[in-house]
Structure formats: C-alpha cells, structure tokens
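Dear colleague,

Please find the structure below, handed over for your records. My notes on what was found in it follow directly after.

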Amino acid sequence: MSSATAEGLITKLSQENASRVYSFPVFTKTFCDEFMAEISHFENSDLPKGRPNTMNNYGILLNELGFDTDFITPLRLKYLTPLTSLLFPDWGGDNLDSHKAFVVKYKLGEDLDLAYHYDNAEVTINVSLGREFMEGTLYFGDMRQVPMKETECTEYSHKPTIGLLHRGQHKHGALPITSGERYNLIVWMRSSRIRNQLCPMCNNKPVLVKMVGYGDGFTEGNLVDVCTTL
C-alpha cells in the first residue's frame, strides 16, 4: 500500500452520493448466513446480553461472544485501516487503535428504524448481513455541526454483503422496514490521537477515568479510558 493513493483507491470502490461515503463488498453471502445463524443461537440462549448501543434495543455486542480478538481486531487492522488511512487521514484513519463492534436487528414488533444521529467513532463501517426485508433505506445528511434544516439528505439501499464506510460524525439514519427482518454489523472505529484532543460526544477535552477493555477509545499512557461526561 506504500504507493497507493486515495484517488486510485476510490476507483476500486463505489463512491456514493453522500460526501465521502464509500461502499464495497466485505463478506461472502455464505459467511453472512453462517454469522447470522451464530448470532441467532446467542439471541435464543439464556446467556446475559447487553444492548448494542443507546439507540438500538435489539442486537448484540460482539465482545460478548468473544469475537473481538480473532475477528473484529484483524478486520480493523489488516483490511480496513489500509483503506481508512488513505480515505480519512484527517479523521485518524491511519491510527484507528480501538473499536466497538455490534450487530443490530430490525424486525416488525421490535426496532423498525433508526433516528438521525452521529456515531461515537472517527470512522464507521456498516455491513448489511441480510435476511429478507422491505424498505428500510439508509439516509445521510451532513456533518453533525450542520442543522437538519440546512441539510439535504441522500438515500442508499443497503444490499447484503456490502459495507458502507463513512466518517463517524457524518449524520445518518435508517427509514422503517415494512416487513421482514434485517441484521447489520456495525464497527465504530476510534482514533485515540483524535479523540484525546476533543471528546466527540461532549465537545470538550476529555477528563478520563480508568476503564477495562477498549472503553470509548481514549488513552492515557498505556490505559484505555472513558470520558467522565459519557
């Protein structure tokens, strides 16, 4: 990748109508089917489960299944960082040193849509895993500093196996599904170099408290911490 350029890379990806949003195949359909089957086994078990995030009520945190070390971390380091280092150098794309990974589920009678929001991440990848569903278009607006009334949104129909790569602070949402069931893998990738200067959620220099694991991607020396305001 030493001679690669952002311009050359973009010719290999699909550049969507929304600014700096890119799509490309990530997994095979066979992998997606087997992965969703594993997720379903866990969902139907009696094991304790946490919510994937503060907005989605249904889904799982992948670290609860032990998928961080041998799945998500190599995906981030070996396959995604070479892309993000060229596409998002201004957002720490060459220094994405932690992540939060989860699967979200949409189904009639459960979560149907996702409100307009931004992610607690410098760069996000959103992969459609599949299942049959109708509607549920994704939409992108502008960066989080731009009011919704000043934003013109663009829509994207997400297909199974395809990943969408975008800046975490780029606001987006999902329209309601009208039938079926839908699973998406979300990886919030974080750069301590960026967020140690300014917390993306509280807009202040973070005051850190010690935390087990990746926390929210802040570091102080060899510790991984969270901002006290979160």
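**Cysteines**

Across the whole structure, a search finds 0 disulfides, a disulfide being a pair of cysteine sulfur atoms within 2.5 Å. Cys202 is in no disulfide, and the nearest cysteine sulfur, that of Cys199, is 3.6 Å away.

**Basis of the values**

This is a predicted model, in which local features need pLDDT of at least 70 and side-chain atom pairs count only at pLDDT 80 or more, while totals for chains, interfaces and linings use all residues. Residues are numbered from 1 along each chain as its sequence is written, and side-chain values use heavy atoms, with hydrogens and water left out.

**Helix α2**

Helices (H or I, at least four residues) and strands (E, at least two) are DSSP runs, numbered from the N terminus. Helix α2 covers residues 29–43; at 1.5 Å a residue its 15 residues should span 21 Å (1.5 Å times one less than the number of residues). The end C-alpha atoms of α2 are 21 Å apart, which agrees.

The buried residues of α2 (buried: under 20% relative accessible area; exposed: over 50%; partly exposed: in between; 1.4 Å probe, protein chains only) are Cys32, Phe35, Met36, Ile39, Ser40 and Phe42. Seen down the axis of α2, they fall within an arc of 155 degrees (taken from the directions from the helix axis to the C-beta atoms), so they line one face of the helix. The face turned away from this buried side carries the exposed residues Thr30, Glu34 and His41. The cover over the buried residues of α2 includes β3 (59–61), α3 (68–87), β4 (98–107), β6 (123–130) and β12 (177–190), contact meaning heavy atoms within 4.5 Å.

**An open sheet**

An open sheet of 4 strands runs in the order β5-β11-β8-β9, with antiparallel pairing; two strands pair if DSSP finds at least two bridges between them. β5 (114–117) and β9 (154–156) stand at the edges with a single partner strand each, so one side of each is left without a neighbour in the sheet. Strand β8 (residues 138–143) pairs with β9 in the antiparallel sense over 3 bridges. Tyr139 has Glu155 in β9 as its bridge partner.

**Two positive phi values**

Most residues other than glycine have a negative phi. Arg131, in the loop between β6 and β7 (133–135), has a positive phi near 75 degrees. Thr161, in the loop between β9 and β10 (162–167), has a positive phi of about 80 degrees. Arg131 counts as partly exposed at 31% relative accessibility, whereas Thr161 counts as buried at 15%.

Yours sincerely
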